[in-house]
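I opened this notebook to keep track of what I looked up in one structure. The entries follow the order in which I checked things.

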Amino acid sequence: MRWCAGRRALLAGAGATALLAACGSEPASSGAAAAPATSAPPAEGTAPAPAASLASTAEIPVGGGEVVGDVLIVQPVAGTFKAYNAACPHKGVKVTAPKDGVATCPAHNSTFAIADGARMSGPATTGLKEIAIKVDAGRITQA
């Protein structure tokens, strides 16, 4: 009897081991070692993907701007484009699209000059943080 109980335990243990092995994260082996996964290098002569366009220059009015996602894009004077983090440094609320060269936070009325992002008034203690951009062929992209 003792041998039967040991035999059952042995068979049950072998079944559990097989079940656990089948549920594991390792792929089944066919006897050959699996090659590690690698990413192929870019094809020779392939250009990197272009940066996503934030806006066209035609969409940004002179003396004003637009909020695109988390970025405030402005054109303080004709042909000069700048971008700032649209989050007000006071509480992080996005500023509104500027009018007459001034961006305003709708939460507590902090105001910022779009020419340089400087704080003009309100509870914010600093200006807007500038973001580097590129203007090429009428498109504005983050640099």
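Entry 1, burial. I count a residue as buried when its relative accessible area is under 20%, and as exposed when it is over 50%. I am working from a predicted model. By that cut-off, 24% of the 143 residues of the chain are buried. I also looked up the exposed surface of the chain, which is about 9700 Å², with 59% of it supplied by carbon and sulfur atoms.

Entry 2, secondary structure. I found one helix and 10 strands. Along the sequence I read the pattern as α-β-β-β-β-β-β-β-β-β-β. I then took the contacts in the chain with a separation of 6 or more and noted that residues 24 or more positions apart account for 42% of them.

Entry 3, the cores. Which residues make up the largest nonpolar core? I listed 12 residues: Leu72, Val74, Tyr84, Ala86, Cys88, Val95, Ala103, Cys105, Phe112, Ile114, Ala124 and Leu128. I picked Val95 from this set and looked up its contacts, leaving aside neighbours within four places in sequence. Val95 is in contact with Val67, Leu72, Ala86, Cys88, Ala103, Thr104, Cys105, Pro106, Phe112 and Leu128. Apart from the largest core I noted another one, of 10 residues, including Ile60, Ile73, Ala83 and Ile131.

Entry 4, charged pairs. I reminded myself that side chains of opposite charge can pair when their charged atoms come close. How many salt bridges does the count give? I got one salt bridge. Asp70 forms it with Lys94, and the closest N and O atoms are 3.2 Å apart. Asp70 lies in the loop between β2 (64-68) and β3 (71-77), while Lys94 lies in the loop between β4 (80-85) and β5 (102-104), so the pair ties together parts that are 24 residues apart in sequence. I checked accessibility too: Asp70 is exposed, at a relative accessible area of 52%, and Lys94 is partly exposed, at 39%.

Entry 5, Ser110. I placed Ser110 in the loop between β5 and β6 (111-113). Is Ser110 buried or exposed? I found Ser110 buried, with a relative accessible area of 1%. A polar atom of the Ser110 side chain lies 3.0 Å from the backbone nitrogen of Ala124. Setting aside neighbours within four places in sequence, I listed the contacts of Ser110 as Cys88, Ala103, Thr104, Cys105, Ser121, Gly122, Pro123 and Ala124. Ala124, Cys88, Ala103 and Cys105 also appear in my list for the largest nonpolar core.

Entry 6, Gly64. I found Gly64 in strand β2, and it counts as buried at 4% relative accessibility. Not counting residues up to four places away in sequence, Gly64 touches Ile73, Val74, Gln75, Pro98 and Ile114. I also looked up the separation of the C-alpha atoms of Gly64 and Ala115, which is 9.9 Å for two residues 51 residues apart along the chain.

Entry 7, Gln75. Gly64 led me to Gln75, one of the residues it touches. Gln75 is in strand β3 and counts as buried, at 7% relative accessibility. What does the side chain of Gln75 reach? I noted the backbone nitrogen of Gly79, at 2.9 Å. Leaving out residues up to four places away in sequence, Gln75 touches Thr57, Ile60, Pro61, Val62, Gly63, Gly64, Thr80 and Phe81. Of these, Ile60 is also among the residues I noted for the other core.

Terms used. Residues numbered from 1 in each chain as written. Predicted model: local features only at pLDDT ≥ 70, side-chain atom pairs only at ≥ 80, totals over all residues. Heavy atoms only, no water. Salt bridge = Lys/Arg side-chain N within 4 Å of Asp/Glu carboxyl O. Helix = DSSP H or I, 4+ residues; strand = E, 2+ residues; numbered from the N terminus. Buried < 20%, exposed > 50% of the residue type's maximum accessible area, 1.4 Å probe, protein only. Polar contact = N/O pair within 3.5 Å; in protein donor to acceptor, adjacent residues only side chain to side chain. Contact = heavy atoms within 4.5 Å. Core = buried A, V, L, I, M, F, W, Y, C linked by side-chain atoms within 4.5 Å. Areas by Shrake-Rupley, 256 points an atom, 1.4 Å probe, with all protein chains shown as cover.
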